[in-house]
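Student: Please take one part of this model and go through it closely, in a single connected account. I would also like to know how far the prediction can be trusted.

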Amino acid sequence: MILLRTVNLRKQFGDTRACDGLDFVVNSGEFLSLVGSNGAGKTTLVNLISAHLQPDSGQILFEERDITFMSVTDRIRAGIARSFQIVNLFDGLSVLDNVALSIFSRDRKTAKIAKLADHDFDVRDEALTVLGQFGLRGKAEVLAGGLAQGERKLLDVAVAYALRPKLLFLDEPTSGVSTHEKAQIMDTVSSVVRAGTVTAVVIEHDMDVVFRYSDRIVMMHEGAFLADGTPDQIRAHKDVAAILLGAPLSV
Amino acid sequence: MQADAAVARRSKLPLAVAAIMILLGLALVPLVAGLYQTQLLTYGLIAAIAALGFNLLLGYTGLLSFGHSAYFGIGAYIVAFLADDFGIHSMEAYILIGLPVTAILSALFGYICVRHTRIFFGILTLALSQVLWSLALKLFWVTGGTDGLRIPRPTLLAGLVTFTGAGSFQRFITSYYYYVLAVFAICVVVMWVIVHSPFGKALQAIRDNETRARFLGLRIRWFRWIAFLISGTFTGLAGLLWAPLNGLATPDVLYWPFSGEIVFTVLLGGFRNFTGPILGGIVFTYLKTYAVATTEYWQLLLGVVLVLLIVVLPTGIVGALSSLAVKLKARQKS
């Protein structure tokens, strides 16, 4: 079942076509990786879908509803969440509060002014459960600014996941971490995604990670789609190898 | 969940005990200190209320206002107008009428200012406060111009406590101290609940990372606007309390240097913690009073203190004490 699709989506920066008439489809329940060299248009595509940018033209349909001109808040309420390439946390808040805030926002409780946040035990319990899923329960009371890079990456994903989205975009969740931490992060993310009802779209450069965890891989090049298929199909695609090795394309 | 509630209550118990002890200590001041010290501390508590309000915007929302004199000044002038033009002399009436008026003004100015951030926000707050200052100067037939408006001593507790006859000044200073102390205690509790509520957490999230906060679905401008409204109203309440104690409302309290004093107050105590502005309000009151009494170059002295503060204690008095406590604890452990 199609969860999200874009129709002829275009975005241009000066002379650069970052998204050149993209018809992008995400199926419900899949773990999809978006790959391609720097400047291929992957982050721009995610920015357009998450309302960080507005498209020049085209349509974005989520559960067959046109969300092209929806605000960020309305898209999140519709069920689209994202993390960022550079870790984006609330460093002055505790790890627990980072996740709890997502839950407060999802449950529309952030306007509550006369009740202490840590006295909402339902939210607190759920936040601790999410932190447990990401292996961060022991750090709940630590300030987010005091976490190590790998833990920050995990918390970044946990904050987006706590919104309980239907579609979760993760922009390079393993960038800037060690090989050991990469596996830990991706194992956690994939197990959490597969345990729930979340569909995940991951932008990733590490092809080992991509081939190991993805159900489907979409490769972008210069604002267009170059290949789309299962890990085996992508591995066998000659242009993918050419792009990854920096060789000229066959067409 | 019941166990969680018990733990939450227990974790706040030492804090509540400390707060009650401090409150009791403050309640003893008129009994052990002279009238002048009591009066000075009343000014300090009022400055602390203004600083608490200001810090919701600076410390918790990350917005630096250079125009909070507007709300303090409006509070003071409301008391003056009610006394002068309507013959109202009840402190409760001043608060009941004054609070909604300062809230409306804060909401109006806030609606304009929160559309911008950083320097643009600061300049807008400054410009709007100076509009009020110039109106207070020019509309002298209403405001008394530079002479200001005299404010007689009000009655307290719906007329139960009045101040006439021999010794009325002494009785007023002592009674008013307790009145301000009670309002101060309520303000501290209310602000503490606000900053620890989901709303308060959302403000801190916006301060730390606006982009991420937006991608959690928070409507940034709405949160900033409500924070501005609360902040202005607290500062307005401080103005309402200050006017009867000072006995005179002049355009000086609407002028930009007064906004600077509120900023100074919060920097002095420390703006990244809850208690900093409270301590800053009290310390600044004493600092300014003694600087004025000591030298005619008191502004120079305060300027030097401000420079030293930023260079040596960028986190303010409470921030520095907290860091010291953390270091000592770490040394003890090792």
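Tutor: The confidence score used here is pLDDT, the predictor's confidence in each residue, on a scale from 0 to 100. The model is predicted, so local features are described only at pLDDT of at least 70 and side-chain atom pairs count only at pLDDT 80 or more, while totals for chains, interfaces and linings use all residues. Residues are numbered from 1 along each chain as its sequence is written, with chains lettered from A and ligands numbered from 1 in the order in which they are written.

The part I have chosen is strand β1 of chain A, residues 2-13, where helices (H or I, at least four residues) and strands (E, at least two) are DSSP runs numbered from the N terminus, and two strands pair if DSSP finds at least two bridges between them. Five antiparallel bridges link β1(A) to β2(A), residues 16-22, and among the residues involved A:Gln12 has A:Arg17 as its bridge partner. Two residues lie between these strands in their hairpin, where A:Gly14 adopts a positive phi near 60°. β1(A) also pairs antiparallel with β3(A), residues 25-27, over three bridges, and there A:Arg5 is matched with A:Val25. With β5(A), residues 57-62, β1(A) again runs antiparallel, joined by five bridges, and A:Leu4 stands opposite A:Phe62.

As for trust, the predictor assigns the complex an ipTM of 0.84 and a pTM of 0.87. Chain B has a mean pLDDT of 89, with 97% of its residues at 70 or more; its confidence is lowest in helix α1(B), residues 2-32, at a mean of 78, and highest in helix α10(B), residues 220-246, at 95.
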